[in-house]
Amino acid sequence: MAFRPKGFIFVRNGVLENLQYSRYWAREKGKEPTPGPVNTIVESAAPAASVEEMIKATDRGLLVSRFWYIRGVDPRTALFTGLTRDGVWARREGKIQYPVFAIFRFNQSILELLAHGNVEMIGASERVSGSETQGRGASLTPALKVKRFHFTSQSEAV
């Protein structure tokens, strides 16, 4: 049996269960205050696919092995921006073909990313931590194979 931390569930099986209420907003709405997310856990009830299976199932695409400098842009739409770092690879005909020597900026809504029909394959959740957090704010997140992801520009960032 796998260890599953207890916590406050916001979405389960694609259904919104709870909202976050600050003390101020809870008082305004007659609700109890709720904690904000400390750690993020994303899991699927579907069987997990390996990254290798995702690569084999891709005729043409990009494999991004690391994102960084991720910042919230619009909390109403769950829009985030960030950059790729240390590993963007071109995938063609089910194989990694060559490295892409570029850093890309993205603007992506998490709601759109996880929307019905966009996620083609999902991996097993793994413990990850952002390089900027130095181990704080760890998450359990899976690898995803998605149809659409919004890269907006190439960045000169190093």
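## A pocket and a four-stranded sheet

The second largest pocket has a volume of about 160 Å³. Here a pocket is an open set of points on a 1 Å grid over the protein atoms alone, where a 1.4 Å probe fits and protein lies on both sides within 12 Å along at least five of seven lines; the volume is the space filled by probe spheres set on the points, with points joined across faces, edges and corners. This is a predicted model, in which local features need pLDDT of at least 70 and side-chain atom pairs count only at pLDDT 80 or more, while totals for chains, interfaces and linings use all residues. Residues are numbered from 1 along each chain as its sequence is written, and side-chain values use heavy atoms, leaving out hydrogens and water.

**Pocket lining**
- There are 12 lining residues (an atom within 4 Å of a point), and Arg85, Asp86, Gly87, Ala102 and Ile103 are the closest to the centre of the second largest pocket.
- This lining has 8 nonpolar, 2 polar and 2 charged residues, with Gly counted as polar and Ala and Ile as nonpolar.

**The sheet**
- An open, antiparallel sheet is built from 4 strands in the order β5-β6-β9-β14; strands are DSSP runs of E with at least two residues, numbered from the N terminus, and two of them pair if DSSP finds at least two bridges between them.
- β5 (67–74) and β14 (151–155) are the edge strands, each pairing on one side only.

**Strand pairs**
- β5 and β6 (residues 79–84) are joined by 5 bridges, and glycine 72 has phenylalanine 80 as its bridge partner.
- Their hairpin has 4 residues between the strands, and alanine 78 in the turn shows a positive phi of about 55°.
- β9 (residues 103–109) is joined to β14 by 4 bridges, with arginine 105 opposite serine 153.
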